[in-house]
Number of protein chains: 2
Amino acid sequence: MNSQPAFGLTTISFVTILVTVMAANSQFSMAVHVLTMLASSGEEKMKSDCVAASVNTNPVVIRRLLGQLNQASLVISQTGAAGGTRLAKCPKEINLGDIYKAVECGEVFALHAKSPNQDCPVGKNIEAVLCKIQKEIDKTVGEKLSQYTLQSVIEMVEQGRD
Amino acid sequence: MNSQPAFGLTTISFVTILVTVMAANSQFSMAVHVLTMLASSGEEKMKSDCVAASVNTNPVVIRRLLGQLNQASLVISQTGAAGGTRLAKCPKEINLGDIYKAVECGEVFALHAKSPNQDCPVGKNIEAVLCKIQKEIDKTVGEKLSQYTLQSVIEMVEQGRD
DNA sequence: TGATTTGTATCAAAATAAGTTACAAAATTG
DNA sequence: CAATTTTGTAACTTATTTTGATACAAATCA
């Protein structure tokens, strides 16, 4: 009777290529923690076991994280006995923006899970608009995070000490 | 032999109080979509079925979302036959910062899942530091999002139309 | 050579997000 | 006022994402 018309159905195919990257959630926090630990150890290499004990997680979780930080050239690792990881640059030369980029798949909010109805004028165009906004917000977050160096984080951690 | 000392263990109890809030991920995107739909309908109330058809989801998902937007005084709903939802203010008076606040539990990155080791000088203090940074980043995101009004989103959606 | 440590694959578990069904309460319509 | 429609919510299921654990090869050192 007075029922509003639903839009026509659209069939959409997705081909999902799953690269098994490490998940991304509290990883930024963990990464900052890990790098702060490495900084506190100076030139000396740290083992994943020791870092894991501070972060309170499994050494493998730390090693996966270090893998990403390594790819971003923030740390240097060495295998074998007496192996371990140390910072690749000094704490003043690393900022939180670098870390965010290194670990995040990098979006503040997610776009629609399912594609909206393409037969609706709004549904057809909203995704592109949201995508544009998303990119801008992420850029803003990156810039803001870049204002903090790892050195400044270390100083804040030290001040908090009682 | 030369194994670095692990920090002592700390037992931490969690009491998780689960308020069944709607989850928070692509909800901001959905919320913007929903409000754009309502705006396009002007004074006239829209039904959750119709909005759901555009977003390509279940009407209940939309109603849950509308509940949050209602609490934030962004929309007005009416039950019963000939019921539905309309905007509570005009699109120029709603900005994306308002919407973000309304739907998000509101953090760009998560703090540690498990509390870090309190016997480690870094573990003991890193959370507070990250929390402070998190708050500042969220503030920045809110401010940036506030630069977009719903009206401006509508205009962008209209421009994308072919 | 033997011990140690990273790197990575694979599996398991937990947490989170999204979707569905069901139904009471509210409001309109005839 | 009875029938119909629509929101509001609870309860449940399913899917996806995130985290944690085990296992082991390759690298490195003493």
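Colleague: In what order do the elements of chain A run from the N terminus on?

Modeller: In this predicted model, they run α-α-α-β-β-α-α-α. That comes to 6 helices and 2 strands.

Colleague: What share of the contacts in chain A with a separation of 6 or more comes from residues 24 or more positions apart?

Modeller: Such pairs account for 69% of those contacts. As for burial, 38% of the 162 residues of chain A count as buried.

Colleague: Where in chain A does pLDDT stay under 50?

Modeller: Over residues 1-23, for which the model has 18 contacts beyond four places in sequence. Where pLDDT is low, the predicted coordinates should not be read in detail. For chain A as a whole, pLDDT averages 86, and 83% of the residues score at least 70.

Colleague: Now the pair. How do you know that the two copies are related as by a two-fold rotation axis?

Modeller: A turn of 180° with a shift of 0.0 Å along the axis lays chain A on chain B, with an RMSD of 0.1 Å. The two copies are therefore related as by a two-fold rotation axis. The same surface serves both, since 100% of the contact residues of chain A recur in chain B.

Colleague: Which residue of chain A comes closest to that rotation axis?

Modeller: A:Val108, whose C-alpha lies at 2.7 Å from the axis.

Colleague: What makes up the side of chain A that touches chain B?

Modeller: In all, 52 residues of chain A are in contact with 52 residues of chain B. On the chain A side, α1 (27-40), α2 (48-55), α5 (121-145) and α6 (150-159) each supply at least two residues. The largest share, 14 residues, comes from α5(A). Sorted by class, this side has 30 nonpolar, 17 polar and 5 charged residues.

Colleague: Why is helix α2 of chain B called largely enclosed by the rest of the structure?

Modeller: A residue is buried if 20 or more other C-beta atoms lie within 10 Å of its own. In α2(B), residues 48-55, 6 of the 8 residues are buried, so the helix is largely enclosed. The buried ones are B:Ser48, B:Val51, B:Ala52, B:Ala53, B:Ser54 and B:Val55.

Colleague: What covers those buried residues of α2(B)?

Modeller: The cover includes α5 of chain A, together with α1 (27-40) and α3 (59-71) of chain B. That same α5(A) gives the largest share of the side of chain A that touches chain B.

Colleague: And which residue follows α2(B)?

Modeller: B:Asn56 does, with a positive phi near 70°.

Technical notes: Residues numbered from 1 in each chain as written. Chains lettered and ligands numbered in written order. Predicted model: local features only at pLDDT ≥ 70, side-chain atom pairs only at ≥ 80, totals over all residues. Least-squares fit on C-alpha atoms with pLDDT ≥ 70 in both. Contact = placed C-beta atoms within 7 Å. Helix = DSSP H or I, 4+ residues; strand = E, 2+ residues; numbered from the N terminus. Nonpolar A, V, L, I, M, F, W, Y, C, P; charged D, E, K, R; others polar. Buried ≥ 20, exposed ≤ 12 C-beta atoms within 10 Å, placed from the backbone. pLDDT = per-residue confidence, 0-100.
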